[in-house]
Amino acid sequence: MQQKNLRNISIVFIAVLMFSCKPKKADETVEVIEENPIQFVDKDLTQETKQLRNKLEVIASKGIAFGHQDATAYGIGWKHSGFPSDSDVKKVTGDFPAMFGFELGDLELGKATNLDSVNFDLMKKLIIEADKMGGLISVSWHMNNPVNGNNSWDKTETISKLLKGGTHRDKFENYVSKVADFFLDLKDEDGNLVPVIFRPWHEMSGSWFWWGGENTTHEQYKQFFRETVELFRDRYNVHNLLYVYSPDKIQTEEEYMAYYPGDEYADIIGIDIYDFGDGKHIERVQNSLAIVKKVADEKGKLFAFTETGREKINPSNWYTSVAYPGIKNSGAAYMFVWRNANLGHFYAPYPGHESVEDFIEFKNKPDILFLEDIKGL
Ligand code: BMA
């Protein structure tokens, strides 16, 4: 089991030089212990959201929580049809994933359902249900391009038009306000806001979204991230979010940090790495997570494997033979796989799939944590 190396206490060694004309004495070292409280992006964070961060830290000291996108919204051959909800992961293992992922794309357009046909009113209920069960909530946002109306996979330079003073700033602010309203609607039965792990403008190190890679500059991206946080936090008073910085695969620490908006703008750092079957996934994940861990430890931040998976789970023992060797002993708080959309696009097993037995073996490893393992933490 992995012990996470995060510290609230930093130990500072101060070398005190003894000035003397005669033979110089050996330097004396004085140990000073300083309290170093967690610095949240949002100083007005709700108590529940601060507790979520604590919970993630405890999780990271015990193992790696497993998450699944749209776990309770639908699966292979079924759609949500009533509460309590079900999930493919639960159908095959008897337990829910520890983390439940949701996606807000199209909310900004005022649509009733997201780009993957999940109704937003239902989504709110699913988030509140997952929170009540003791699960973790992760939210992504494939925002449509406010300038030309194309979807997230548009490759037009856009960010300059959305920053303060930009031609489409008002439209962007309006988009953010709709998502802010959504977050502010997530109230549990005691009226407290449900804490959410939010990872805006993810996978920016690749060039497939209008906010990333060759479609912007590092500086524009950083400013965009900061201004996004400021809108949610300072303009729209959303105080139930932990912000995540999550590039796609990188080779070096320099590449990893290229778009980093600054310590004041990220509560968690992570990385997305999919297995496309080139046989190098394990090594790539190990190397990348080591880089992310190094940065996280230096900054006193949590880190996570924010998206991963092998589409269609091929080979069928992918979870124990590829996923597990990649993440074990990494120190990541969680690993998160994408959605079970259809028979050509799924990342968690469903009843009858040949990977079920292997997935159960994966789940049974002491350091792999599902809902039952984390709900009381
Ligand atoms: C992608 C695919 C798409 C989906 C999008 C947003 O990776 O799963 O089908 O629309 O994520 O959830």
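Biologist: What makes the pairing of histidine 345 with an oxygen atom of the ligand a polar contact?

Modeller: In this predicted model, a polar side-chain atom of histidine 345 lies 2.6 Å from an oxygen atom of the ligand. The cut-off for a pair of N or O atoms is 3.5 Å, so the pair with histidine 345 qualifies. Aspartate 116 also places a polar side-chain atom 2.5 Å from a ligand oxygen, and an N or O atom in the side chain of tryptophan 338 is 2.9 Å from a ligand oxygen. The protein covers 75% of the 310 Å² of accessible area that the ligand has on its own.

Biologist: Which residues surround the ligand, and how many of the shell are nonpolar, polar or charged?

Modeller: The surrounding residues are Glu103, Leu115, Asp116, His142, Trp153, Trp338, Arg339 and His345. By class, three are nonpolar, two polar and three charged.

Biologist: Why is lysine 124 called buried or exposed?

Modeller: Lysine 124 has a relative accessible area of 18%, and buried means under 20%; lysine 124 is therefore buried. This residue lies in helix α3 and, leaving aside its neighbours within four places in sequence, is in contact with Phe182, Asp185 and Leu186. Other buried residues of α3 include Phe120, Met123 and Leu126, and the cover over the helix's buried residues includes β6 (99-103), β7 (136-140) and α5 (169-184).

Biologist: What shows how the span of helix α3 compares with the expected value?

Modeller: Helix α3 (residues 120-132) has 13 residues and reaches 18 Å from its first C-alpha to its last, close to the 18 Å expected at 1.5 Å a residue.

Biologist: What caps the N-terminal end of α3, and which residue with a positive phi follows α3?

Modeller: The cap is asparagine 119, with a side-chain oxygen 2.8 Å from the backbone nitrogen of aspartate 121. Glycine 134, whose phi is near 95°, follows α3.

Biologist: Why do glutamate 203 and lysine 312 count as buried, partly exposed or exposed?

Modeller: Glutamate 203 has 7% relative accessibility, under the 20% limit, and therefore counts as buried. Lysine 312 has 42%, which lies between 20% and 50%, so lysine 312 is partly exposed. Neither is a glycine, yet phi is positive in glutamate 203, near 55°, and in lysine 312, about 70°.

Biologist: Which peptide bond in the loop between β11 (302-309) and α9 (318-327) is cis?

Modeller: The bond joining asparagine 314 and proline 315 is cis, with omega about 5°, and proline 315 lies in that loop. Lysine 312 is also found in the loop between β11 and α9.

Conventions: Residues numbered from 1 in each chain as written. Predicted model: local features only at pLDDT ≥ 70, side-chain atom pairs only at ≥ 80, totals over all residues. Heavy atoms only, no water. Near = heavy atom within 4 Å. Polar contact = N/O pair within 3.5 Å; in protein donor to acceptor, adjacent residues only side chain to side chain. Areas by Shrake-Rupley, 256 points an atom, 1.4 Å probe, with all protein chains shown as cover. Nonpolar A, V, L, I, M, F, W, Y, C, P; charged D, E, K, R; others polar. Helix = DSSP H or I, 4+ residues; strand = E, 2+ residues; numbered from the N terminus. Expected span 1.5 Å × (residues − 1). Buried < 20%, exposed > 50% of the residue type's maximum accessible area, 1.4 Å probe, protein only. Contact = heavy atoms within 4.5 Å.
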